Amino acid sequence: MAENQQQQPPTAAAKSDEDRLESLDRLLTRLALCDDSKLEPLLAKLLPFTISSLSSPSVSVRNKVLEILSHVNKRVKHEPQIGLPLSELWSMYMDVNAAPMVKNFCIVYIEMAFDRSDIMLRKNMAPDLLAHVSKLPLQHQDIILRMTMKVIGECHRSQIEEDVVAKYKLMMGSRDTEIFLEFCLHTILYQQSTQRYELLNYQISKILFERVISSFMHWKRGGISSNCFTCSGVACAGLSVAQSNRVTGKQILTNEALLKRKLGVMTVIDSMDLKAEAVYPIYLAACVDSQEAVAKRGEELLKKKGSAADLDNPILIKLLFSLFNGILFIFFLVKLSFSHLIFFYLQ
């Protein structure tokens, strides 16, 4: 009797997986037979159940899930009018007991669902996405930040409603705000590929390294010139390749989209009434932007908020100094400042 009782749990688990597999099979059949006009209501039930099934250890169940999701992708990829269950997917993702694989698939479909959702829903949901973003995996943070930045560009180029501002203010003083502001700065610093500092290949990087060392020796002898640290006339944008990729993701940002995001960023952070030291670098970077509207708005906000900044603040000094130094991509894409180059030279 005791032996039979010990064997019961795995049998029950196997039965559960078998039932789930049968349910997934039925869903796949319904999906295949469903017209596009009726697909959205079906996906509202199908996607949450299918993705949650990834918590099963059964290989058969997981393979069936992947088969269904592959079919879903083919059906909705070129049909942006077909909505996906954003709220349900977000609830699943935020469930503390959700399996890592479930979360990984959820975030993919959350991003897809977000772009297909009503603009008012996205505008109100964007601040909620940023809450607790600091606790998410880095790749998921990037997705959430890009989603939020896109909404900011679409909705807040020139104004923002008070109820939305109140939501953004809820995260003030947290690590979430720091991550958001860092991404705002990277967005402001980002320029189109024809304007920004491109990744150098190994050979060019080697030449650049030798040139900087030569310039350092020239400076050491007291003869530094204003162009010692230029790179064939190509200016450093202040971002690493990884940081630039964080801003763009897999998409190429047009000038218009970039303009909207930068103006939206300044509208949002201005409305949040943040400490002057926190926003000073963002406004300063905006002042020298290649797009006139961004530069003009940056100058206005810098005059408005900049005077209150404590320029002796060590954190602000460190950030401004890093912006002043810029970054160089040399051996193995390691980011080096001028001080690092001196350190290497002295070894």
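Start with the largest nonpolar core of this predicted model, a set of 86 residues in which L43, I51, I144, Y168, F180 and I269 have the most contacts. Select those six residues and keep them highlighted, since several of the stops below return to them.

**The chain as a whole**

Now colour the protein chain by secondary structure, which comes to 16 helices and two strands. Of its 347 residues, 44% count as buried, and among the contacts with a separation of 6 or more, 75% join residues that are 24 or more positions apart.

**Helix 7 and I144**

Select residues 138–155, which form helix 7. The end C-alpha atoms of helix 7 are 26 Å apart, and this agrees with the span that its 18 residues should have at 1.5 Å a residue. Is helix 7 largely enclosed by the rest of the structure or not? It is largely enclosed, because 14 of the 18 residues are buried.

Centre the view on I144, one of the core residues with the most contacts, and show what lies around its side chain. Leaving aside residues up to four places away in sequence, I144 touches W90, I107, L129, L130, V133 and L136.

**Helix 9, with a partner on either selection**

Next select residues 175–189, the 15 residues of helix 9, which reach 21 Å from the first C-alpha to the last, close to the 21 Å expected at 1.5 Å a residue. Helix 9 is also largely enclosed by the rest of the structure, because 12 of its 15 residues are buried. The buried residues include D176, T177 and H186, as well as F180 and F183, and F180 is also among the core residues with the most contacts.

Add helix 7 to the selection and look along the pair: the axes of helix 7 and helix 9 come within 11 Å and cross at roughly 65°, and the crossing is right-handed. On the helix 7 side, Q141, L145, R146, M149 and I152 take part, and they meet I179, F180, F183, C184 and T187 of helix 9.

Then replace helix 7 with helix 12, residues 255–271, whose axis comes within 10 Å of that of helix 9 and crosses it at roughly 140°. What is the handedness of the crossing of helix 9 and helix 12? This crossing is left-handed. Here F180, L181, C184, T187 and I188 in helix 9 meet L258, R261, K262, V265, M266, V268 and I269 in helix 12. Of these, F180 and I269 were both highlighted at the outset, as core residues with the most contacts.

**Helix 2 against helix 4**

Move to residues 39–52 and residues 86–94, which are helix 2 and helix 4, packed at an angle of about 20° with their axes 9 Å apart. An angle under 35 degrees counts as roughly parallel, and helix 2 and helix 4 are therefore roughly parallel to each other. Their crossing is right-handed, and the contact is made by P48, I51 and S52 of helix 2 with E88, L89 and M92 of helix 4.

**Helix 5 and the loop after it**

Select P100, which is placed in helix 5, residues 100–116. P100 is exposed, with a relative accessible area of 61%. Draw a distance from its C-alpha atom to that of S55, which is 45 residues apart from it along the chain, and the separation comes to 8.4 Å.

In the loop between helix 5 and helix 6, find S117, which is buried, with a relative accessible area of 11%. Apart from residues up to four places away in sequence, S117 touches L86 and R122.

**Three more loop residues**

H132 is found in the loop between helix 6 and helix 7, and at 43% relative accessibility it counts as partly exposed. Most residues other than glycine have a negative phi. In H132, however, phi is positive, near 70°. A second residue with a positive phi is D273, where the value is near 55°, and D273 is found in the loop between helix 12 and helix 13.

Finish at L239, in the loop between helix 10 and helix 11. Is L239 buried or exposed? L239 counts as buried, at 4% relative accessibility. The C-alpha atom of L239 is separated by 9.7 Å from that of Q191, although the two are 48 residues apart along the chain.

Notes: Residues numbered from 1 in each chain as written. Predicted model: local features only at pLDDT ≥ 70, side-chain atom pairs only at ≥ 80, totals over all residues. Heavy atoms only, no water. Helix = DSSP H or I, 4+ residues; strand = E, 2+ residues; numbered from the N terminus. Expected span 1.5 Å × (residues − 1). Buried < 20%, exposed > 50% of the residue type's maximum accessible area, 1.4 Å probe, protein only. Core = buried A, V, L, I, M, F, W, Y, C linked by side-chain atoms within 4.5 Å. Contact = heavy atoms within 4.5 Å. Axes fitted to C-alpha atoms, helices over the stretch in contact; angles between N-to-C directions. Parallel < 35°, antiparallel > 145°, perpendicular 65-115°, else oblique. Left-handed = near helix turned anticlockwise from the far one by under 90°.
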